[in-house]
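The following note sets out some points that a colleague may wish to check while looking at the model. The points begin with the sheet and its strands and then move to cores, rings and single residues.

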Amino acid sequence: MIRSVLVANRGEIARRVFRTCRDLGIRTVAVHSDADADAPFVQEADIAVPLPGNTAAETYLRGDLVIAAAKAAGADAIHPGYGFLSENADFARQVAEAGLTWIGPTPESIEAMGSKIRAKELMAAAGVPILEVDPAKAEARDFPLLVKASAGGGGRGMRVVETPADLERELAAATAEAESAFGDGTVFVEPYLPTARHVEVQVVADTHGTTWILGDRDCSIQRRHQKVVEEAPAPNLSDATREVLHTAARDAAEAVDYVGAGTVEFLVDGDRPFFLEMNTRLQVEHPVTEAVFGVDLVAAQIAVAEGRELGEPPAGPTGHSIEVRLYAEDAADDWSPQTGVLRAFETPDSVRVDSAVESGSVVSHFYDPMIAKVVAYGADRHQAIRVLDDALRRTRLHGLVTNRDLLRGVLADDEFAAGNVHTALLGERIDAWTAPRLTEAQRDRLVLAGALAEARASSTAGVLGRFPTAYRNVTSQPRTRHYVLDGQEVEAVYTGSIRGLASEVADVVSAEPHRVVLRVEGVDETYRVDVGEGWVDVDGPHGAADLIPVPAFVDPADVVAEGSLLAPMPATVTSVAVEVGQRVAKGETVLVLEAMKMQHTLAAPTAGVITEIDVATGQQVESGAVLAVIESEQDQK
């Protein structure tokens, strides 16, 4: 019997496993890096063991340290979560050799299916259609191609190659990224089917010969080959195709005597399914399967690890469930990851939220930018969409740019509502899905509410409290407050007198430091406002705004040289491709950064000469740091 579980992972999956452990009366143990010392998952564990260092390579990927932590904490089992060491057969063996229970499939199954190359060989031998291309023999007609990491997933080590001329470069980039993320740079190549669907099947098997097939999930809405929206069951699948998928998944599991929870993934092109891979672990999107089958997959994993029988599979699926991944990233700025303090994160009770963060959490550049999964359930797909969109609208989320508006754009799309999805849909609709959701009038009211609350907060203290907010003895000019909102400067204009506050934007019903009520054409709108040093957060009936007050005077120290290439995020410099005095063309690579396990190439914004290089390979830089300075050809003239 398992009495104490160490989770060899972090963030939301650690919290998710802890939740089931508490339900089962099992003691929980966390391991954490220095960067995660104050993270919510660490605080929730019964015992926490620090692993010195910040990066995954120094901490969560060190199997020896994790096993030593388990022994030190008195744990008798290890749950790997997903990512990191979850599909590392050597680690699974080491756990067993240390006398601990491994909550996962056997090392042999991991080796057979954990390598995507080996898995394809097994499935081809079993008669399951696969996709493959020998890169050494690829011809122009074979393109586009997709380069993938053999040892991992989540879009890392994955590159679309449009032309033969790009193949060598993209193979090298994918290899480097896979090595960094998974410790294994092995990659392979397959045909790229941009309009196919990504459908997967959940399996759970025990050591007594029972295999559950818990339906299917659609994961076709993806950015950079990483899933963004997942749902169960997969919409618009024919019964015949669904049966083929479920049978192939069962065959795949039984071919390797699979034990535990796993997922068999397919590309479905029309009605033709092709085997992609088998993930020998719990998936990020497992909550949607739990919702429609009424099952706890982590509890099932623990039961299997204890040697118990699964019994009869649960009935289902019933209803529909949709999950969206909430990322700290700017979808409108090439998906650049965002770091810093998440000032507010509050969600309604109508949805399930598996989160890595809470209000006040710090999002660092060391790990994946996903901060939470928001999961809705409905009697049917339309109800699930409606519940999820409403929950996202009502979520209080401030301090970092996120993909929330993109997710709401997906849910509002007619093609998505009809279930007509494929892996290229996000790329086709990105402009529409990231377009501003607020009208200019709605935005102006958010800004006005922020300005009024900020003014009330500053006028309620000390001697100023005896005067009306924004009061002027002689009213010659209105008050004007400037802010930066979504990278653009906006303003609020209002007046104050003995009779109160007024604005042409809306009638001011009331204004307090944390609550403002505006009246528009006889309709009252309530705004919640929080004011801090250097920020004003506003939530209203139509949306939210993070306002940054514009100072009246600019500090000369904040001015950087013209032509400066700035770090878009906190990151580590992985390579410097130029030197001082070198002439570069527009678009030529200057540096490569790594943040949140992804590599980001910074190119010259203009043709010119490198006059300064302020960083070196291996150096960590903060967001906004000057990396290099380019004197443009125009400036030279």
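1. The model is a predicted one, and a convenient place to begin is its open sheet of eight strands, which pair in the antiparallel sense and follow the order β25-β24-β23-β30-β29-β28-β27-β26. The edges of this sheet are formed by β25 (500–502) and β26 (507–511), each of which pairs on one side only. Between neighbouring strands of the sheet the turn is 35 degrees on average, with direction ignored.

2. Within this sheet, strand β23 (residues 479–485) and strand β24 (residues 488–497) run antiparallel and are joined by seven bridges. For a reader who wishes to follow the register, Leu485 has Gln488 in β24 as its bridge partner. Strands of a sheet pair through backbone hydrogen bonds, in either a parallel or an antiparallel arrangement.

3. Towards the other edge strand, β26 pairs with β27 in the antiparallel sense over four bridges, and Ser510 stands opposite Val517 in β27. These two strands, β26 and β27, form a hairpin that has three residues between them.

4. The next pairing, that of β27 with β28, is again antiparallel and extends over six bridges, with Val516 standing opposite Tyr527 in β28. Here the hairpin between β27 and β28 has two residues between the strands, and Glu521 in the turn has a positive phi of about 50 degrees. A reader checking the backbone could look at Glu521 for this reason.

5. Which helix lies across the strands of the sheet? Helix α15 (residues 440–459) does so, lying across β23, β24, β25, β26, β27 (515–520), β28 (523–532), β29 (535–539) and β30 (544–549), and it runs at about 55 degrees to β24.

6. Turning to the packing of nonpolar residues, the largest nonpolar core has 64 residues, and those with the most contacts inside it are Val5, Leu6, Ile78, Phe91 and Val204. With residues up to four places away in sequence left out of the count, Val5 touches Cys21, Ile26, Arg27, Thr28, Val29, Ala77, His79 and Ile103. A second core, separate from this one, has 37 residues, among them Phe345, Ala356, Leu397 and Leu400. In soluble globular proteins, nonpolar side chains tend to be buried together.

7. The residue Ser4 may be read alongside these contacts. Ser4 has its place in strand β1 (residues 4–7), and its relative accessible area of 3% means that it counts as buried. Leaving aside neighbours within four places in sequence, Ser4 is in contact with Ile26, Arg27, Val29, Gly74, Ala75, Asp76 and Ala77.

8. How many aromatic pairs are there in the model? The count comes to five. One of the aromatic pairs is formed by Phe91 and Trp102, which meet edge-to-face with 5.6 Å from centre to centre and 85 degrees between the planes. Because Phe91 belongs to helix α4 (residues 89–97) and Trp102 to strand β5 (residues 101–102), this pair ties together parts that are 11 residues apart in sequence. Phe91 counts as buried, because its relative accessibility is 2%, and Trp102 is likewise buried, at a relative accessible area of 10%.

9. Another edge-to-face aromatic pair consists of Phe266 and Phe275, with 6.3 Å centre to centre and 80 degrees between the planes. Both rings belong to buried residues, since Phe266 has a relative accessible area of 2% and Phe275 has one of 0%. Elsewhere, Tyr60, Phe84, Phe366 and Tyr367 form one aromatic cluster.

10. Two arginine residues have their charged ends placed over aromatic rings. The charged end of Arg223 sits over the ring of Tyr327, at 4.3 Å from the ring centre, while that of Arg381 sits over the ring of Phe416, at 4.6 Å from the ring centre.

11. Is Arg141 buried or exposed? With a relative accessible area of 70%, Arg141 lies above the cut-off of 50% and therefore counts as exposed. Arg141 is found in the loop between α6 (116–125) and β6 (145–149). The C-alpha atom of Arg141 is separated by 38 Å from that of Asp405, and these two residues are 264 residues apart along the chain.

Terms used:
Residues numbered from 1 in each chain as written. Heavy atoms only, no water. Pairing = 2+ DSSP bridges. Axes fitted to C-alpha atoms, helices over the stretch in contact; angles between N-to-C directions. Contact = heavy atoms within 4.5 Å. Core = buried A, V, L, I, M, F, W, Y, C linked by side-chain atoms within 4.5 Å. Buried < 20%, exposed > 50% of the residue type's maximum accessible area, 1.4 Å probe, protein only. Phe/Tyr/Trp six-rings, centres within 6.5 Å; stacked < 30°, edge-to-face > 60°. Lys NZ or Arg CZ within 6 Å of the ring centre and 35° of its normal.
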